[in-house]
Amino acid sequence: HTHIHTDEINPYVQQQQKEVRVVKRTILSEQKANKDFIRNILTDWDKDRKGSLAFEELRSWLSSISNNRPVTGCEVKWVMSMAAQDKMQDYTTLNLTPDLFAPAAEAFLSYNTSYDQVVKLMEEYDVDKTGNLNKQELSSLLKALNENIDPAEADVSWVMDHADVIGNGVITKPELHKAISLWYVHSGSAEIVSEAAAQRHLNQ
């Protein structure tokens, strides 16, 4: 059973951030380009002409920017969560409004660049083969990212709560790369805090 170590993940996170910056520049380079971008999406994918994208319209658009691969319901829900007020809403009944098209494209294209890595991690840590990570499986992944030290229960709960934007109590594929990024941010800030505390102790 191989573990993915931090030095293997870090380049992936860096690559992801680089891709996001490229996408951001491409999509939001200027106001006019963004207006054209929105108009083209509505022309091509807003079939009911309501000025926004319903769930299946969003699925079709996301597939079109993903080399036409099939896009799962969980992936559409993950993007549609941007339009939700809270996790209790039924994401399949929501509409994605034009102001969210650019952030949606940015998030989904970033996810696509990390897709192979996400699938690899999911296959390794999804022990019960449900296609998602439960809390225990997420804990095993975070342990591997944490130089094989068990993460604190509170830290696992924090990552689970913040990464599970769909609100189904598990980490799906699109939520996994957010969980990993959150872990680095969270554990990094914890290290800074503990280093500061140690420094204060030395100075006393």
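**Figure 1. The whole chain: nine helices and zero strands.** This is a predicted model, and if you read along the sequence you get the pattern α-α-α-α-α-α-α-α-α. The chain has 204 residues, and 42% of them are buried. Take the contacts with a separation of 6 or more: 59% of those come from residues 24 or more positions apart.

**Figure 2. How confident is the predictor, and where?** The protein chain averages a pLDDT of 84, and 81% of the residues score at least 70. Which element has the lowest mean pLDDT, and which the highest? Helix 1 (residues 6-27) sits at the bottom with 67, while helix 3 (residues 55-64) tops the list at 97. Residues 192-198 are a stretch to read with care: pLDDT stays under 50 there, and the model gives these residues zero contacts beyond four places in sequence.

**Figure 3. The largest nonpolar core, with its 49 residues.** The residues with the most contacts inside this core are Leu58, Trp61, Leu96, Phe101 and Leu176. At least two core residues apiece come from helix 2, helix 3, helix 4 (73-80), helix 5 (101-113), helix 6 (115-125), helix 7, helix 8 and helix 9 (173-203). Which helix gives the largest share? That would be helix 5, with seven residues.

**Figure 4. Zooming in on Trp61, one of the core residues with the most contacts.** Leaving out residues up to four places away in sequence, Trp61 touches Phe37, Ile41, Trp45, Leu53, Leu96, Phe101, Ala104 and Ala105. Two of these partners, Leu96 and Phe101, are also on the list of residues with the most contacts inside the core.

**Figure 5. Helix 7 (residues 135-145) and its buried residues.** Glu137, Leu138, Leu141, Leu142, Ala144 and Leu145 are the buried ones. Look down the helix axis and these residues fall within an arc of 155°, so they line one face of helix 7. At the N-terminal end, Asn134 acts as the cap: one of its side-chain oxygens lies 3.1 Å from the backbone nitrogen of Gln136. After helix 7 comes Glu147, which has a positive phi, near 55°.

**Figure 6. Lys143, a residue of helix 7.** Is Lys143 buried or partly exposed? With a relative accessible area of 27%, Lys143 is partly exposed. Not counting residues up to four places away in sequence, Lys143 touches Asn148, Ile149, Asp150 and Pro151. For a sense of the surroundings, Val156 is 13 residues from Lys143 in sequence, and their C-alpha atoms are 9.7 Å apart.

**Figure 7. Asn132, in the loop between helix 6 and helix 7.** Asn132 has a relative accessible area of 19%. Why does that count as buried? The cut-off for buried is under 20%, so Asn132 falls on the buried side. Setting aside neighbours within four places in sequence, Asn132 is in contact with Met122, Asp126, Glu137, Val170, Ile171 and Thr172. Glu137 shows up again here, having already appeared among the buried residues of helix 7.

**Figure 8. Arg39 and Asp36, a salt bridge in helix 2 (residues 31-45).** A search of the whole structure finds six salt bridges, and this view shows one of them. The closest N and O atoms of Arg39 and Asp36 are 3.1 Å apart. The two residues are three places apart in the helix, which puts about one helical turn between them. An α-helix has 3.6 residues a turn, so residues three or four places apart point the same way. Asp36 is partly exposed, at 21% relative accessibility.

**Figure 9. Glu75 and Arg69, a salt bridge between buried residues.** The closest N and O atoms are 3.1 Å apart. Glu75 has 1% relative accessibility, and Arg69 has 17%.

**Figure 10. Glu153 and Lys135, a salt bridge between helix 8 and helix 7.** In this pair, the closest N and O atoms are 3.1 Å apart. Glu153 belongs to helix 8 (residues 153-163) and Lys135 to helix 7, so the salt bridge ties together parts that are 18 residues apart in sequence. Glu153 is exposed, with a relative accessible area of 56%, whereas Lys135 is partly exposed at 33%.

Conventions: Residues are numbered from 1 along each chain as its sequence is written. This is a predicted model: local features need pLDDT of at least 70, side-chain atom pairs count only at pLDDT 80 or more; totals for chains, interfaces and linings use all residues. Side-chain values use heavy atoms; hydrogens and water are left out. Buried means under 20% relative accessible area, exposed over 50%, partly exposed in between (1.4 Å probe, protein chains only). Helices (H or I, at least four residues) and strands (E, at least two) are DSSP runs, numbered from the N terminus. The arc is that of the directions from the helix axis to the C-beta atoms. A polar contact is a pair of N or O atoms within 3.5 Å; within protein, one must be able to donate a hydrogen and the other to accept it, and residues adjacent in sequence count only if both atoms are side-chain atoms. A salt bridge is a side-chain nitrogen of Lys or Arg within 4 Å of a carboxyl oxygen of Asp or Glu. pLDDT is the predictor's confidence in each residue, from 0 to 100. Contact means heavy atoms within 4.5 Å. A nonpolar core is a set of buried Ala, Val, Leu, Ile, Met, Phe, Trp, Tyr and Cys residues joined through side-chain atoms within 4.5 Å.
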